[in-house]
Amino acid sequence: MSSSSSSSSTTTSSSTTPILISGGGPVGLFQALLLTKLGIPVRIIERASSISPLSKALGLHARSMEIFRLSGILDRFLERGRPLTNFTMHAGGRRVGTLPVMGTSMENTEFNYGLLLEQEKTSRLLSELLEDLGVCVEYGWELMDTKVVDGDDVEETYVETVIRRSLSGDNTTPEDNMLLGGVDMYAEQKDKEYEIQTVRSKYLIACDGGRSTVRHKLNIGFSGRTLEHKTLMWDGVCETDIVPNGITAVTGTNNKTMIILPLTNGLTRISVEAGPLSPNEDISQTLEELTVERFQALAQEAAHPSTFKVLSTTWLTCFKINERRADQFVYKNRIFLAGDAAHIHSPAGGQGLNTGLQDAHNLAWKLAFVLNGLVKEDDEKGRKEAEFLETYREREAMADRAIDVSSKLLQKNRDNRLIARVVRRVLFTVGPWIAKCFKSFSFAPDVSMLNVRYHANMLNRPHSSQPIPSADYQVGVRAQDGTIFPIFPILPTTTSTATLSTIDEKPINSTNIRLHDLFIGLARFHILIFTSDTNLLTSSSSSTAAALTHIATHFVTQWRTKYTYTSDLQDGYADKDLFKFHFLTTSTKEVTQELSKNPIGEGKVFLDEGAKIHKKYGFEGRGVGAEGGIVVLRPDSHIGYRVNGLQDQAWRDVDQYLASFLASQLE
Ligand SMILES: Cc1cc2nc3c(=O)[nH]c(=O)nc-3n(C[C@H](O)[C@H](O)[C@H](O)COP(=O)(O)OP(=O)(O)OC[C@H]3O[C@@H](n4cnc5c(N)ncnc54)[C@H](O)[C@@H]3O)c2cc1C
């Protein structure tokens, strides 16, 4: 490892930890929180001396709220944030129109809005939650270098990282917060004394932002482009005759544009383009131009003929737009890149923080599975474990997607050709009307990240012989949501008579819940069994149902014995099960009674009224899938496996899928 030449060390020491996280931004904090909840000890270091006070990202999209919900932490964020529902266009001194940010439909998610919450507040909440679990960020510690030390086998391989702490003042400089969006490593601060430590860990997670030291030290490419424009971003109090409504895009008569966003505490955020970068522009020149007067002039141009005046400023920054993605998110299966360290782009569409949080979630349960010994080890090289962790690379395509979304939005906003301006005006004039007519209309399905879909890999396995189903319920997609009615729990030791009398008296608990309510928790698979009409309501319904309960009991019992957690979890479940089973039926009494005669696992039975959920998962109608089927959801509620039918073969197919990566505790 290379070491710094311009500074001196005073003390050196070494330590070990299963997981080292570098960077205490929101992504590093969420990563640490999830792993801690999963019972994995972590160390998290942060170069700065405290949480960044900058507002930066302004909120959470629907998918991030879903992920927070799965993680059991959403309520604290909902209490502090405010829903953001509208997108308004203002041009030439007039309001052109307002569109819903997410469309009007809640059929596929509980969150048909964005949650407005400044990044500093998000980070503070995550940090508080982490501290509640006894883990504190080690501020002032900076990662300097890292490498993977290969051993003869998987147990002897480790990551060696050098970290240091300045003995005189901060590691950061004031410029770090004034010019954002850079991707070069921070410049070395000369003539300082440091305390140096060598940390040995099983894994390292680089959450150290766009200038990632880890990415630089490992020579991981950061391919993409730097746009030649600079943007000024301002937070403060202003006086204007524009009446913003949600996110408001304002175009002046001279076609200059600015974006107005509401912040909490009566503040406003405005971003406005500040012109092209000069060739070889250096930081001092950029900082010279970074004045409130210049911002005021640019904002007034964009507002024209409306008025705009800055009253007070809390933050003014300039950023370069880089659109880049790390060439690999996984290095030797020991070092992982997440958040801005792995991908960076313009703030348009608010994708950065949200994508980073989802990276952290994707990685946490996978590492917990491996560290809990739940993943098969093929040989002493741990090839199955490696393949399992390698599935984190499914996030690379998500980063490409986020870059694409933000790039297109930025482009749309900048496109000032006559035709583009006319299209924008038409969209905003007729958009609200279209939105009313078509429930699902939304101009931002990509922005909310609800349509994220992973490609096929070890965990997302298309069925080997059945036809590939519709895109909405193919493997890899985020599981669709909807409303279900709990009928009754089927307990393993419950006698059928007791359950039956309950059903006769009160067959349906009238309080509906959302399908996604079933998935709350961090690292469990959920197996949905769609019983379908045809299976259990035909003339021979009782024999069909009896056969289903028999075979389901057989496999459920087997899986529960073979695959269990070995460590303590803090994700809300008292048991150590790796699976939850949920039966979805389209009828009430007959099916419920049949299922209750032969209790299956600890799952529950839910009524899918009008077969709406069956339809969303392709188990409805007369064709393929009409006979019901089984869907295996990964812990992050993406479809991992899907099979049509409930016969013996379908259960054996699921069995094979699980056995392909899970380690049996019986072997
Ligand atoms: C002006 C602006 C507006 C934005 N708006 C939005 C938005 O609306 N929505 C959205 O989703 N995103 C937005 N983003 C992007 C968002 O801020 C980032 O995606 C987010 O900060 C990424 O979080 P992170 O934890 O990966 O990285 P960071 O927040 O950059 O955190 C990285 C941390 O690592 C630390 N660090 C760096 N090097 C080292 C080292 N060697 N050792 C130890 N620690 C180190 C840093 O000090 C920092 O605290 C915006 C960004 C900017 C600049």
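Which polar backbone atom is 2.8 Å from a nitrogen atom of the ligand? The polar backbone atom belongs to Leu143.

## Ligand contacts

This is a predicted model. Besides the Leu143 pairing, the ligand's oxygen atoms have backbone partners. One pair joins an oxygen atom of the ligand to a polar backbone atom of Val27, at 3.1 Å. For Pro26, a polar backbone atom is 3.4 Å from an oxygen atom of the ligand.

How much of the ligand does the protein cover? On its own, the ligand has 990 Å² of accessible area. The protein covers 90% of that.

## The shell around the ligand

The ligand is surrounded by 32 residues. Glu46, Gln119, Leu143, Asp340 and Leu353 are the closest. By type, the shell holds 14 nonpolar, eleven polar and seven charged residues.

Which elements give two or more residues to this shell? They are helix H1 (26-37), strand E9 (141-149), strand E17 (308-326) and helix H8 (352-371). Two domains also take part. Domain 1 (12-81 + 117-173 + 189-223 + 326-394) gives at least three residues. Domain 2 (84-110 + 226-324) also gives at least three.

## The whole protein

The protein has 667 residues, and 57% of them are buried. Its secondary structure includes 17 helices and 27 strands.

Now look at contacts between residues with a separation of 6 or more. Of these, 78% link residues 24 or more positions apart. At the surface, the protein exposes about 27200 Å². Carbon and sulfur atoms supply 51% of that area.

Definitions and conventions:
Residues numbered from 1 in each chain as written. Predicted model: local features only at pLDDT ≥ 70, side-chain atom pairs only at ≥ 80, totals over all residues. Heavy atoms only, no water. Near = heavy atom within 4 Å. Polar contact = N/O pair within 3.5 Å; in protein donor to acceptor, adjacent residues only side chain to side chain. Areas by Shrake-Rupley, 256 points an atom, 1.4 Å probe, with all protein chains shown as cover. Helix = DSSP H or I, 4+ residues; strand = E, 2+ residues; numbered from the N terminus. Nonpolar A, V, L, I, M, F, W, Y, C, P; charged D, E, K, R; others polar. Domains from an automatic or database assignment. Buried < 20%, exposed > 50% of the residue type's maximum accessible area, 1.4 Å probe, protein only. Contact = heavy atoms within 4.5 Å.
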